[in-house]
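Me: I would like to learn how to read burial, aromatic pairs and pockets in a model. Can we start with burial?

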Amino acid sequence: MRIFSGIQPTGRKHLGNYLGAIAQYVSSQERGEGIFCIVDLHAITVAYEPAELRERVYDTTAILLAAGLDPARCILFRQSDAPAHTELTWLLSGITELGRLQRMHQFRDKSVAQRELVSAGLLLYPVLQAADVLAYRAEEVPVGEDQREHLELMRDVARRFNARFGNGAEVLVVPEHRIPEVGARIMDLQDPTSKMSTTGGSEQGTVYVLDAPGAIEKKLRSAVTDSGSEVRRAPEKPGVSNLIEILAAVRAVDPAAVESDFAESRYGDFKVAVASAVVDYLAPVRERYEQLRADEAMLEAILADGAVRARELSSQTLADVRERMGVGAPTQMSAGAPARLPADPPARGPVGPSAPADTVSR
C-alpha cells in the first residue's frame with residue numbers, strides 16, 4: 001500500500017498536529033510505502049517571511065525525524081523540490097469546479113483573516129493538495145478530521161479525470177482517508193469548543209511538541225474543565241472530554257478505559273495525571289529534536305535524497321496525465337511514421353543594400 005501525506009512548515013507543531021497526523025505517519029511505516037511531504041508551496045498562500053519559511057522547513061523535518069520517521073523506510077521531501085506538483089495542479093484545475101473551491105471552509109476562513117491580500121493560491125490550495133496526493137497514486141492519506149472536506153474533493157477530482165480521460169482505466173488512484181479513532185481532533189485547553197491551533201488558538205491553551213515539561217504541566221493544570229466533578233465524556237463537558245481524549249491518545253487506549261481508571265478521581269488529580277502522561281510522551285521527541293535540528297546539512301541531505309525519489313515517482317504520473325489530456329508532444333509516434341527532424345532553415349541573405357554577400361546581419 002502506498003501512503004501519502006503532507007504537513008505545513010508554518011507555525012510550531014502542537015499536540016493536535018502530533019496525535020492527529022505525525023503519530024500516524026510513523027505508524028504507517030509498518031503498513032506500507034510512506035511518502036511524506038513538507039508543503040512549503042502551500043505555506044506561501046498566506047503572508048510569510050522567506051527566511052522564516054526556510055527555518056520552519058528544517059524545524060518540521062527535525063520534528064518528523066525525531067518522532068520516528070526513517071528515511072530508509074519512507075520518502076521525506078520538500079514539496080517545491082518536485083515540480084510535478086505544480087504542473088499537475090494546473091492540469092487538474094481544468095476539471096475542478098470553481099464554485100466548490102469558493103465554498104471550501106478553509107478558503108472562507110483564511111480569506112476573511114487576510115487583511116492585505118486574498119491570493120489566488122489560497123483558492124487553488126485544495127487543487128494543489130489533490131495534486132500532492134494524486135501525483136503518487138497513493139491509496140491512503142492519513143489526516144486529521146479537519147481535512148476530510150479536502151480529501152473528498154481530491155477523490156472527486158480523480159474520479160472526474162478517470163471518467164473524462166481514462167478510457168476505462170484508473171489513471172489516477174482514488175485515495176482513501178485514514179482518520180484516527182482517538183486523537184483526530186484535539187481542542188484548545190482554554191476554549192474546548194475550538195480546535196487546538198497555532199494561529200487561531202490561545203497560547204495557554206496550546207501544548208507545543210517542543211514545550212518544556214514545566215510549560216506543559218502548567219497548561220494542562222490550568223485547562224478549563226466543567227461544572228461537576230465526574231471524569232466522563234458528555235456534550236455538556238467539553239473540557240473534561242478533551243482531556244480524556246488526550247490521555248487516551250497518549251496511552252493508545254479507548255477513552256472508556258480512561259473514564260474507568262479515573263471514575264473516583266477529582267478534576268485536579270486527573271489533570272495532573274494527563275500532564276504527566278503528555279510530558280513523558282513528548283520527552284523523547286523533544287530530546288532527539290535538539291540533536292537533529294543542529295545539523296542542517298544532514299536535514300538538507302535527507303530532503304534532497306527524498307526529492308530525487310519523489311520526482312521519479314511523480315514524473316511517471318505526470319507523463320501519463322499529459323498524454324491522456326493531449327498536452328505536449330505525444331509520447332509515441334504513429335506506427336510506421338519515423339520521426340523526422342525539421343529541415344535546415346534556408347541561409348539568410350544579405351541584409352541591407354550594402355551588406356557583403358558572405359556576411360549575415362547580427
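Reply: A residue counts as buried when its relative accessible area is under 20%, and as exposed when it is over 50%. The model here is predicted. In it, both tyrosine 25 and phenylalanine 36 are buried.

Me: Which class does tyrosine 18 fall into, buried or exposed?

Reply: Tyrosine 18 has 6% relative accessibility, so it is buried. Tyrosine 281, at 24%, is partly exposed.

Me: How many aromatic pairs does a search of the whole structure find?

Reply: Two rings pair if their centres lie within 6.5 Å, and the angle between the planes then gives the type: under 30 degrees is stacked, over 60 is edge-to-face. The search finds six aromatic pairs. In one of them, tyrosine 18 and tyrosine 281, the ring centres are 5.6 Å apart and the planes stand at 85°, so this pair is edge-to-face. Tyrosine 18 belongs to helix 1 and tyrosine 281 to helix 12, so the pair ties together parts 263 residues apart in sequence.

Me: What type of pair do tyrosine 25 and phenylalanine 36 form?

Reply: That pair is stacked, with 4.8 Å centre to centre and 25° between the planes. It links tyrosine 25 in helix 1 to phenylalanine 36 in strand 2 (residues 33–38), 11 residues apart. Elsewhere, Phe4, Phe77 and Tyr136 make up one aromatic cluster.

Me: Now a whole helix. Why is helix 10 described as largely enclosed?

Reply: Count its buried residues. In helix 10, 12 of the 14 residues are buried, so the rest of the structure largely encloses it. Among them are Gly239, Asn242, Glu245 and Ala249. The cover over these buried residues includes helix 1, helix 9 (213–221), helix 11 (255–261) and helix 12.

Me: What does helix 10 span from its first C-alpha to its last?

Reply: The span is 20 Å, close to the 20 Å expected at 1.5 Å a residue. After helix 10 comes alanine 252, with a positive phi near 60°.

Me: Last, pockets. Which elements give two or more residues to the lining of the second largest pocket?

Reply: A residue lines a pocket if it has an atom within 4 Å of a pocket point. The second largest pocket, about 410 Å³ in volume, has 19 lining residues, and Leu19, Ala23, Gln24, Val182 and Ala249 lie nearest its centre. Helix 1 (15–28), helix 10 (238–251) and helix 12 (267–293) each give two or more residues to this lining. Helix 1 gives the most, with seven.

Me: How do the lining residues of that pocket divide by chemistry?

Reply: There are 15 nonpolar, two polar and two charged residues in the lining.

How values were computed:
Residues numbered from 1 in each chain as written. Predicted model: local features only at pLDDT ≥ 70, side-chain atom pairs only at ≥ 80, totals over all residues. Heavy atoms only, no water. 1 Å grid on protein atoms, 1.4 Å probe; cavity = no way out; pocket = protein on both sides within 12 Å on 5 of 7 lines; lining within 4 Å. Points joined across faces, edges and corners; volume = space filled by probe spheres on them. Helix = DSSP H or I, 4+ residues; strand = E, 2+ residues; numbered from the N terminus. Nonpolar A, V, L, I, M, F, W, Y, C, P; charged D, E, K, R; others polar. Expected span 1.5 Å × (residues − 1). Buried < 20%, exposed > 50% of the residue type's maximum accessible area, 1.4 Å probe, protein only. Contact = heavy atoms within 4.5 Å.
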